[in-house]
Amino acid sequence: MSGPGEPKIRIRGLHKAFGEKEVLRGVDLDVGAGESVVVIGGSGTGKSVTVKCALGIVEPDSGSILIDGAESVGLKGAAREAVNARMGMLFQGGALFDSLPVWENVAFGLVAAGQRTRRDAKPVALETLAQVGLGPEVGGLMPAELSGGMQKRVALARAIAARPDIIFFDEPTTGLDPIMADVINDLIVECVRELGATALSITHDMASARKIADRIAMLHDGRIVWSGPVSEIDESGNDFVDQFINGRATGPIRMAVRR
Amino acid sequence: MNPLAAIGRAFLALLEAIGRLVLFALSAVTHIVRPPFYPRVLLRQMVDIGYYSLPVVALTTLFSGMVLALQSHTGFARFSAEGAVAGVVSLAITRELAPVLAGLMVAGRVGASMAAELGTMRVTEQIDALSTLSTDPMKYLVAPRILAGFAMLPLLVLVGDVIGIFGGYIVGIYKLDFAPAVYIDQTWRFVEVQDVVSGLVKAAVFGFLVSLMGCYHGYRSEGGAQGVGRAATNAVVSSAILILVFNYIITELFFAK
C-alpha cells in the first residue's frame, strides 16, 4: 500500500518513441490513493501509451512508474502478473474476447489469477454484470450479440470483477450516444466509489472528464502541460487547456495529420 | 543508391526476420512445457485442427491415391510393370503425398484462420486485454495452438494414409482389373514401418510449422483489416514454403544413403 502522502501511482520522466516519432517526452503525473484523475488531450498525444506503459503492455524507453512506491517498469512474468492482478482496465473498444460468452469474459481475470475456479466464478460474474445493470440472461450471450453500449458495460464489469485497487479507463465513452455515455460515466463513478479504487482515465470527451474526475491533467506533445482540480478547469489560464475544452480550431494546439 | 548497400540491407532484414521468428518459436516452446496449462483451449484447438480438417484431408488423399494409381498404371504399362502400381501408390502416399498434401491443406485452412483470429485479437486489443488479466498471451493463445498442430497432423496423416491407399485400391480393383487379394498383398509387401513413420514425423513437423507461422504472423499483425489480411496470406505462403523445404530435409535424413 502507498505510504502516507505517497501517491498510489507516481509517473516520472516517462519517455517513449516509436521509430522516429517521440510520443512521450517526459510525462510526470501523480494519482493519489482513491483519487480519480482524468488525462485529457488530443488524438495522438500519447494518452493511451501512458496507460499502456503503466500496465506493462508497452515498455517505456526511460522513466519510472511507481505503484504503491514500488517500481513497475521492467517487470516481467510473475512479477508483472502480480502487479496487474491489482489493476483493471476498460479498453476503448471493449476488447471483449469474441470466442467466450459474456460471463466468461467477466470471470476471466478471476479464474486466471487463481482467485476462483471456473464454476465458482460464474455467480461472481453474474453479480458483477448486475452491478453494471445487465441481467443474468446477458451472461450467456456472445459479445458479438451485444450493442456498443452493452459491450462497454460488460467491459466495465470485466475491469471491476476482480475488485482491483487501480482501474484504468481508456476513452470509456467513445462511440456511444450522449445518453449511453452518461450512463457509462455514472457507472464508472459508482463502481470506483464502491470499490474505493484509484482511477486513471483518458478521454477527449469533456462531459465525461467533468463527471468522473476529481482532478484533470492535460497531455500535449508528450508532456503534462496543466494539472488541477476539475473545478478549476474553466479558469486554468492555460492556452492549451482553454483551446481544448472549448474545442477551438485556432490556438497553440496544431492537430497532427499522421499518427 | 549503392546496390551493394541495398543487398546488404535486404540481407540484414532477412536475418532479423529469421531471428525474430526463432525467438518467437523458442518462447512458444518454453511456454508449452511450463505451467499454467490451458487444457480447454488445447482441446478446442485439437478439435478444430484435427476433427474439422478431416474432410478436406480425406478428400485430398482419396483423389490423390486414385490419380496415382491411374497415372502409374499408364506409365508402367510402357515397360510391362503394371504389377508395381499397388506398391508405388502406398509408398508415395505414406512417404510423401499424405503428409505434404495434408500439411498444405491444413496450412490453407488452419494457418490462415489462426493468423486472422490472432491478428483480429491484436488489432482489437484483445491480446493486450489478456495481459491485463494476469494471462500471458503466448501461453494462452500461442502454446496450445502449436501443441495442437504438432499433435493432430500426424493423426490426420495416418487417416490420410489409409484413405489414400484405399483410393488407389478402388481404382486398381474397379478400373484396372486387379484382383483385390493381389492388390492388398502387394501393398503389404511394399510398405515398411519406416515409410509410415517418416510420413508421421513429417506431419508432426509440418503441424508445428503451420501453427507456428499462423500464430507468428497473427500475433505480430498491425494496421487494421489490411494487416490482418496480410497476416493470413503470409501465414499460408510461409507455411507452404517451409513445408516443402522441410519435406526435403526430412526425406534426406530418413532415406538418403
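Begin by selecting A:Met87, A:Gly88, A:Met89, A:Phe91, A:Arg158, A:Ala159, B:Ala129, B:Thr132 and B:Leu133, the residues that line the second largest cavity of this structure. The model on display is a predicted one.

**The second largest cavity**

With these residues shown, the enclosed space amounts to about 50 Å³. Colour the lining by class, and 6 nonpolar, 2 polar and 1 charged residues appear. Next, display the elements behind the lining: E6 and H5 of chain A, together with helix H5 (126-132) of chain B, each supply at least two of its residues. Among the contributors, E6(A) gives the most, with 3 residues.

**The largest cavity**

How many cavities of 30 Å³ or more does a search of the whole structure find? The search finds 2. To reach the largest cavity, select A:Ala85, A:Met87, A:Ala162, B:Thr132 and B:Leu133, which lie nearest its centre among the 14 residues of its lining. The elements that give two or more residues to this lining are strand E6 (87-90) and helix H5 (148-160), both of chain A. The volume of the largest cavity is about 80 Å³. Its lining divides by class into 7 nonpolar, 6 polar and 1 charged residues.

**The sheet of chain A**

Now leave the cavities and turn to the strands of chain A. Select E2, E1, E4 and E5 in that order: these 4 strands form an open sheet with antiparallel pairing. Which strands stand at the edges? They are E2 (21-31) and E5 (70-71); each has a single partner strand, so one side of each is left without a neighbour in the sheet.

**Strand E1 and its partners**

Select strand E1 (residues 9-18) of chain A together with strand E4 (residues 62-67) of chain A; the two run antiparallel and are joined by 5 bridges. To see one residue pair, label A:Arg12, whose bridge partner in E4(A) is A:Ser64.

Then add E2(A) to the view. E1(A) and E2(A) are joined by 8 bridges and also run antiparallel. Here, label A:Leu14 and its bridge partner in E2(A), A:Val27. While side chains are displayed, it is useful to recall that in a regular strand they alternate between the two faces of the sheet.

**The turn**

Finish by following the chain from E1(A) into E2(A). The two strands form a hairpin, with 2 residues between them. Select A:Gly19 in the turn: this residue has a positive phi of about 65 degrees.

Notes. Residues numbered from 1 in each chain as written. Chains lettered and ligands numbered in written order. Predicted model: local features only at pLDDT ≥ 70, side-chain atom pairs only at ≥ 80, totals over all residues. Heavy atoms only, no water. Pairing = 2+ DSSP bridges. 1 Å grid on protein atoms, 1.4 Å probe; cavity = no way out; pocket = protein on both sides within 12 Å on 5 of 7 lines; lining within 4 Å. Points joined across faces, edges and corners; volume = space filled by probe spheres on them. Nonpolar A, V, L, I, M, F, W, Y, C, P; charged D, E, K, R; others polar.
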